[in-house]
Amino acid sequence: MRRFLYRNLEGNRLLVGVAVALTLAQVFADLLTAFPLKWILDKVVNHQDPTLPMGNGLVSVFDQLGSRDGLQPGEQHTQLGVILFASTTFIALGLLTALLSYGQLFIATFVGQNLSAKIRTGLFGHLQRLPLAWHSRHRVGDLVQRLTSNVADIEKLVTDGLVDLLAGILTLTGIFAIMLSFNWQFTLLSMVVVPGLFFVVVSYTRNIKAATKRAAKIGGQVGDVATEDLTAITEVKAFTLEEREARHFGGLVRSQRQAGLRAGSLQAEFTPLVLVVVAISNVTVIGVGSFVATGHTFSLGPFTIAANSLTIGTLTVYLAYLKQLYQPMRNLSKLMNVASSAGSGAERIEQVLAEPTEVVDDVVGYTGPRRLHGDITFSDVAFGYREGQPVLTGVNLRVAAGKRVALVGLSGSGKTTMAKLIPRFYDVWSGEVRIDGLDTRSYPLAVLRDNVSLVLQDSVLFEGTIRDNIAIGRPDASDAEIVAAARQAHIHDTIAAMPDGYDSPVREGGKNFSGGQRQRLAIARAILRDSPILILDEPTANLDVEAESEVMHAIDTLIVGRTVLMISHRLSTLGHVDEIVVLQDGRIAERGTYAELKRSGGIFARLLAEQHRYNADVAEAAVSETTGDSDATALMPMPSNVTALGNGHRRGAAS
Ligand code: ADP
């Protein structure tokens, strides 16, 4: 924790030093404010001049204003002089404390903000560079919490710590030192309650901490469940899960309330208990103190406080300090909470930061081209997401530059996984994925990924304008290029018809666009990006027939001149591809052209026949006993009632 803070405070360390110095000065000034009243009381009651190092001259300045009548022998200063001096000192100390406290709070906040901004930016950047394999093992809510509340806890420790921790410790030591300098016996007596106070503070602090931690944990769960439910609100409605989810959520909220109540009631007991303990010490000080100050000797066993060894003025200082004793103790105890949550926050952040990131730009010694031809080879590839559970085994496949290969197979057979290995979203367990003859691990990730475009089942649009969204893969594209890409993707007319055209805003996740429009925007993106390798992972799976045909037209333009790997469950649309590869349980089970596979009567032919059973045209044709192979050449999609092979659990698996 200390090292983490030290590292992240780089650039602000001098400011921390200034804040410490200001705090020191402020505590000192604050402690001195108990003295002016003592001076006045001692002067008025005991005819005693203030004893100040180098203070005599200062008091003398005010002496001229008062009369020397009634002064006892040995008195140097007039009463009015002392009163005026004490009042002036009081005001000066007050102003100084205020000023120092402003500077200290401001610097603490400034440093805290700098620190949290630095940690947050660093952590976010790191998260972005962590590999997908890592992300698939972590919940988004948990990561967001690390970015938000965990960072806030650390910030709080620095802002509060600089103020409360330091001021607390300094005040406590200062009070103790000044009291001791007056009368050590009396100081010990007045401190009798401190162990009790300490016990109350520590035990309550511990219990309150445990209770608030529990409340915070349940609070996190409440947040998680709410995020999950609201994200899946469509599914919740579709399955009429409102009641069930509300019950689940309600249960959690009840536990949260209980935990919050427990923390709150402990907190409520804590303050009065402390007040009682402080009252006991005040009674001791007032009782014994006045007894001694009025000329009596106090003895308790071997413990003796000599008569008149205390003045009434000194008593007021003790009382003022005893009152001040509790606040720093309390602040320190609160700070223990803050420190422990900041500690666990820092640990959670460091855990993430310790994970090795993908190195995007750097492969030592890479001097090859930045634009590739797009010749893809899978050579004996084995891969899985979890140890001991291979998803792909012994995969060998070559897709020559400019060729189109379709991956088909049942859901879960590993099609998407194979596609994800090309841009190296994951690293193979064994074997190699090569592009243009070179292992993908030999390319800088930036080069590799620049050469691969993906159009997925659901395309995500980012916040910004339509123009920004199309140009996302090539921010330097000119307006003319963006419009040309949109035209080719058959989306230009739709954009042009919008009130703000290309400047129309895209709302959160692209909610203000239909699925088909989002897909065509994604295709426009890919056209503009113009990478040699194109991966199409069922880009029309979630679309209706009309939207699908528009998207297919756009895809027709997109695929020209590229190496294409398309994953499709609409088998009858695959007549135009160069080769069809059938995956089964992570192995290549069959390959060949559409006609070959259909003829061979293997898995593909069976899948195809299965789909045909539900094709109304075919069913009708079968009734009239005509046969035909017309679907083999069509690029146009099947009617939407075709069995959605491979589309069944994808959403679940991918999320
Ligand atoms: P397909 O594209 O053929 O439907 P996938 O490649 O998506 O199949 O999935 C193959 C297998 O890998 C499935 O068993 C799936 O559950 C698993 N899988 C896919 N993605 C992940 C992931 N991120 N983490 C763990 N397992 C995954």
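**Exercise 1. Which residue in β11 is the bridge partner of S453?**

Solution. The structure is a predicted model, in which local features need pLDDT of at least 70, side-chain atom pairs count only at pLDDT 80 or more, and totals for chains, interfaces and linings use all residues. Residues are numbered from 1 along each chain as its sequence is written, and side-chain values use heavy atoms, with hydrogens and water left out.

Step 1. Strands are DSSP runs of E with at least two residues, helices are runs of H or I with at least four, and both are numbered from the N terminus. Two strands pair if DSSP finds at least two bridges between them.

Step 2. β8 and β11 (residues 533-537) run parallel and are joined by 4 bridges.

Step 3. The partner of S453 in β11 is L534.

**Exercise 2. Determine the strand order of the sheet that contains β8, and identify the helix packed on β8 and β11.**

Solution.

Step 1. The sheet is open and consists of 6 strands in the order β8-β11-β12-β5-β13-β14, with mixed pairing. Its edge strands, β8 (452-455) and β14 (587-592), each pair on one side only.

Step 2. On average, neighbouring strands of this sheet are turned by 20 degrees against each other, direction ignored.

Step 3. Helix α18 (residues 515-529) packs on the sheet and touches β8 and β11, its direction making about 170 degrees with that of β8. Contact here means heavy atoms within 4.5 Å; axes are lines fitted to C-alpha atoms, for helices over the stretch in contact, and angles run from 0 to 180 degrees between N-to-C directions.

**Exercise 3. Describe the open sheet of 4 strands.**

Solution.

Step 1. The order is β4-β3-β6-β7, and the pairing is antiparallel.

Step 2. Because β4 (389-399) and β7 (438-439) at the edges each have a single partner strand, one side of each is left without a neighbour in the sheet.

Step 3. Between β3 and β4 there are 7 bridges in the antiparallel sense; G384 stands opposite P390 in β4.

**Exercise 4. Characterise the surroundings of the ligand.**

Solution.

Step 1. The ligand is surrounded by 14 residues, the closest being G412, G414, K415, T416 and T417; a residue qualifies if one of its heavy atoms lies within 4 Å.

Step 2. By class, this shell has 4 nonpolar, 7 polar and 3 charged residues.

Step 3. An N or O atom in the side chain of T416 is 2.7 Å from an oxygen atom of the ligand; for the side chain of T417, the corresponding distance is 2.3 Å.

Step 4. The elements giving two or more residues to the shell are β3 (376-386) and α13 (415-421), and α13 contributes the largest share, 3 residues.

Key:
Polar contact = N/O pair within 3.5 Å; in protein donor to acceptor, adjacent residues only side chain to side chain. Nonpolar A, V, L, I, M, F, W, Y, C, P; charged D, E, K, R; others polar.
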